[in-house]
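Biologist: Please take a close look at a single charged side chain in this model, and then set its surroundings against the other charged groups and the rest of the fold. I would like the cut-offs behind each term as you go.

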Amino acid sequence: MFGLVPFDTRNDLMMRNDDEFSRLFDWMNRPMMSLFKDSGFTGSAFKVDVKDNDTNYELTAELPGITKDDISLTYKDNYLTIAAKKDSTTEEKDDEDRYIRRERSFGSMSRSFYIDNIDETKLDAEFKDGVLKVTLPKAAAPQEESPKEIPIRTV
């Protein structure tokens with residue numbers, strides 16, 4: 001029978017048993033995003049600030065350890081979607097080219113924001129030092145929507 005135990009507390013209770021068998025299966029009790037901690041994704045999602053300036057909206061997303069090429073930014077059906085992925089490979093060998101350790105990890109996540117009444121012809125995005133800044137100018141009148149890939153400038 002299962003009781004109602006807070007998730008983090010349950011992990012603490014599971015960690016008390018230090019035998020090898022218990023540690024082998026402990027990964028099943030961790031939050032899914034904690035499995036990506038070595039790949040640069042450590043939280044439930046990356047942090048985004050949204051600011052409403054009088055003439056535009058400004059989104060600032062923190063994406064540490066991510067390159068511009070690993071980011072996808074789209075605006076479709078009044079939703080701005082920021083998607084990021086991260087691949088990591090670690091390989092160490094001995095003198096005889098036998099594996100001592102090989103590790104690979106992959107992580108991806110995305111966030112979507114509903115923002116309507118945007119002038120799609122003036123969308124702008126820049127990426128510098130792990131911070132993505134997206135500027136979405138407000139439209140004078142509602143426009144017909146069409147999917148649009150937003151190019152990202154490197155600063």
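Modeller: Lys 86 is buried but takes part in no salt bridge, and the nearest side chain of opposite charge, that of Asp 70, is 6.2 Å away. Buried here means under 20% relative accessible area, exposed means over 50%, and partly exposed covers what lies in between, with a 1.4 Å probe and protein chains only. A salt bridge requires a side-chain nitrogen of Lys or Arg within 4 Å of a carboxyl oxygen of Asp or Glu; in assigning charge, Lys and Arg count as positive and Asp and Glu as negative, while His and the chain ends are not counted. What Lys 86 does have is a polar partner in the backbone: a polar atom of its side chain lies 2.7 Å from the backbone oxygen of Gly 65. A polar contact is a pair of N or O atoms within 3.5 Å, in which, within protein, one must be able to donate a hydrogen and the other to accept it, and residues adjacent in sequence count only if both atoms are side-chain atoms.

The model is predicted, and local features need pLDDT of at least 70 while side-chain atom pairs count only at pLDDT 80 or more, whereas totals for chains, interfaces and linings use all residues. Residues are numbered from 1 along each chain as its sequence is written, and side-chain values use heavy atoms, with hydrogens and water left out.

Lys 86 belongs to strand β4, which spans residues 79-93 and is among the elements that give two or more residues to the largest nonpolar core described below. The protein has two helices and nine strands, and from the N terminus both helices precede the strands, in the order α-α-β-β-β-β-β-β-β-β-β. These elements are DSSP runs numbered from the N terminus, with helices (H or I) of at least four residues and strands (E) of at least two.

A contrasting case is Glu 58 in strand β2 (residues 56-62), which is also buried, at 17% relative accessible area, but does find charged partners. Its side chain meets that of Lys 51 in a salt bridge of 4.0 Å, N to O, where Lys 51 is partly exposed at 45%. Glu 58 also pairs with Lys 133, the closest N and O atoms being 3.8 Å apart. Because Lys 133 lies in strand β7 and Glu 58 in strand β2, this pair ties together parts that are 75 residues apart in sequence. Lys 133 itself is partly exposed, at 31%, and shared partners join Lys 51, Glu 58 and Lys 133 into one network. The C-alpha atoms of Glu 58 and Lys 133 are separated by 7.1 Å. Not counting residues up to four places away in sequence, Glu 58 touches Asp 49, Val 50, Lys 51, Asn 53, Lys 133 and Val 134, a contact being heavy atoms within 4.5 Å.

The structure holds six salt bridges. Another of them joins Lys 138 and Asp 52 at 2.6 Å, N to O; this pair links the loop between β7 and β8 to strand β1, 86 residues apart. Lys 138 is partly exposed at 28%, and Asp 52 is partly exposed at 48%.

As for the nonpolar interior, the largest core has 25 residues, and those with the most contacts inside it are Leu 63, Leu 73, Leu 132 and Leu 136. Besides β4, the elements giving two or more residues to this core are β2, β3, β5, β6 and β7. Such a core is a set of buried Ala, Val, Leu, Ile, Met, Phe, Trp, Tyr and Cys residues joined through side-chain atoms within 4.5 Å. Leaving aside neighbours within four places in sequence, Leu 132 is in contact with residues including Leu 59, Leu 63, Leu 73, Ile 82 and Phe 127.

For the protein overall, buried residues make up 28% of the 155 residues. Among contacts between residues at least 6 apart in sequence, 58% join residues at least 24 apart. The protein exposes about 11,100 Å², of which carbon and sulfur atoms supply 50%; these areas come from the Shrake-Rupley method with a 1.4 Å probe, and for residues only the protein chains shown count as cover.
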